[in-house]
Structure formats: structure tokens, C-alpha cells
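Subject: A structure for you to look at

Hi,

Here is the structure I said I would pass on. Have a look at it first, then read my notes below with the viewer open.

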Amino acid sequence: MSKLQHLQARKERLEDELRHVEKQVYDLETSYLNDSSQHGNVLKGFEGFLAPTKTNSLKKSRNFKTEDRLFSLSSTSSPAAAELTSQADMKEGSKHNKGHFGGIKSSGGGAGRPRREAD
């Protein structure tokens with residue numbers, strides 16, 4: 001086996017190991033964010049423990065967003081980074097479909113009134 005082949009094989013093993021570790025971090029982070037949603041966590045705070053009654057804290061179930069994944073998002077090749085990129089692409093695509101309605105511009109104009117485009 002040549003040195004180049006050896007290095008390529010090592011690179012592939014390291015990339016597989018990185019994907020495995022990133023998946024573990026993603027899964028553990030998901031578990032933590034789900035388990036701590038009732039009372040709070042280090043990212044959102046612990047106001048669930050400060051709730052005046054138990055019923056209020058139990059009713060207040062928090063859903064977490066991809067942006068809440070502090071550890072997963074620290075790597076650009078993690079599953080969370082891919083999720084965030086696809087969400088941004090979807091938002092960007094929807095922006096191109098909005099904005100102009102039959103000659104009336106929806107942005108600007110103040111006081112919630114659209115501005116007419118110049119002909």
C-alpha cells in the first residue's frame with residue numbers, strides 16, 4: 001500500500017469517526033433538550049423551578065429549535081448544521097415568492113400601507 005493510499009484510508013476512518021461522534025453529540029443533545037424542557041436547561045434558564053404552581057410548570061412544555069443546539073452547531077459538518085442550512089435555504093426560497101403583488105410593493109410605505117411602484 002502506498003503512502004498516499006494509507007493517508008486516504010486514514011482520512012476516511014477519521015471522517016467516519018467524526019460523523020459518529022457528531023451523531024452521538026446530536027442524539028445526546030436531543031435527549032437533554034427534550035428531558036429538560038419541563039423545568040429549564042442551561043441554555044434557556046430554569047424558570048420552571050420558579051413557577052408559582054406545579055400545574056403552570058407542567059403545562060408549559062417547551063419545544064426546542066435547531067438554533068438551540070449549541071453543541072451540535074459548533075461543528076459545520078454536524079447534522080444540526082445541515083438542518084439549519086436547509087431551513088435557511090427554504091426561508092430564502094419563500095422570500096423570492098413574496099414581495100411583489102400586482103405592481104404594489106409590500107415593503108416600505110410606513111403605517112402598514114404599501115407603496116405603489118413607479119411605472
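What pLDDT does the chain average, and what share of the residues score at least 70? The average is 75, and 67% of the residues reach at least 70. I start there since this is a predicted model, and pLDDT is the predictor's own confidence in each residue, on a scale from 0 to 100.

That confidence is spread unevenly over the elements. Helix 1 (residues 3-35) has the highest mean pLDDT of the elements, at 93, while strand 2 (residues 104-105) has the lowest, at 43. Two stretches are worth marking in your viewer. One is residues 55-59, where the pLDDT is below 50 and the model has five contacts beyond near neighbours in sequence. The other is residues 100-114, where pLDDT also stays under 50 and the model shows 18 contacts beyond four places in sequence.

Now the overall layout. You should find three helices and three strands, and if you walk from the N terminus the order is α-α-α-β-β-β. Of the 119 residues in the chain, 16% are buried. The chain exposes about 9,700 Å², and 57% of that comes from carbon and sulfur atoms. If you take the contacts with a separation of 6 or more, 34% of them join residues 24 or more positions apart.

Helix 1 is where I spent most of my time. Does its length come out as expected or not? With 33 residues at 1.5 Å a residue, helix 1 should span 48 Å, and its end C-alpha atoms are 48 Å apart, so the two figures agree. Some of its residues are tucked away: Glu 22, Tyr 26, Glu 29, Thr 30 and Leu 33 are buried.

Next, salt bridges. How many does a search of the whole structure find? It finds four, and here are three that you can look up in helix 1:

- Lys 11 and Glu 15 meet through their side chains at 3.5 Å, N to O. The two are separated by about one helical turn, because they sit four residues apart in helix 1. Glu 15 has a relative accessibility of 33%, so it counts as partly exposed.
- Arg 19 and Asp 16 pair at 2.3 Å, N to O. Both belong to helix 1 and are three residues apart, about one turn of the helix. Asp 16 is partly exposed, since its relative accessible area is 43%.
- Lys 23 and Asp 27 form a salt bridge at 3.0 Å, N to O. These two are four residues apart in helix 1, again about one turn of the helix. Lys 23 counts as partly exposed because its relative accessibility is 41%, and Asp 27 is partly exposed too, with a relative accessible area of 38%.

Why do spacings of three or four keep turning up? An α-helix has 3.6 residues a turn, so residues three or four places apart point the same way. Side chains of opposite charge can then pair when their charged atoms come close.

Then there is Ser 78, in the loop between helix 2 (54-59) and helix 3 (79-96). Is Ser 78 buried or exposed? Its relative accessibility is 3%, and the cut-off for buried is under 20%, so Ser 78 counts as buried. A polar atom of the Ser 78 side chain lies 3.3 Å from the backbone oxygen of Ser 75. Setting aside neighbours within four places in sequence, Ser 78 is in contact with Glu 22, Ser 72 and Leu 73. Glu 22 is one of the buried residues of helix 1, so click on that pair if you want to see the loop and the helix meet. In addition, the C-alpha atoms of Ser 78 and His 20 are separated by 9.8 Å, although the residues are 58 apart along the chain.

Last one: Gln 38, which sits in the loop between helix 1 and helix 2. Gln 38 is partly exposed, with a relative accessible area of 26%. Its C-alpha is 9.7 Å from that of Asn 63, and the two are 25 residues apart in sequence.

Cheers

Technical notes: Residues are numbered from 1 along each chain as its sequence is written. This is a predicted model: local features need pLDDT of at least 70, side-chain atom pairs count only at pLDDT 80 or more; totals for chains, interfaces and linings use all residues. Side-chain values use heavy atoms; hydrogens and water are left out. Buried means under 20% relative accessible area, exposed over 50%, partly exposed in between (1.4 Å probe, protein chains only). Contact means heavy atoms within 4.5 Å. Accessible areas come from the Shrake-Rupley method with a 1.4 Å probe; for residues, only the protein chains shown count as cover. The expected span of a helix is 1.5 Å times one less than its number of residues. A polar contact is a pair of N or O atoms within 3.5 Å; within protein, one must be able to donate a hydrogen and the other to accept it, and residues adjacent in sequence count only if both atoms are side-chain atoms.
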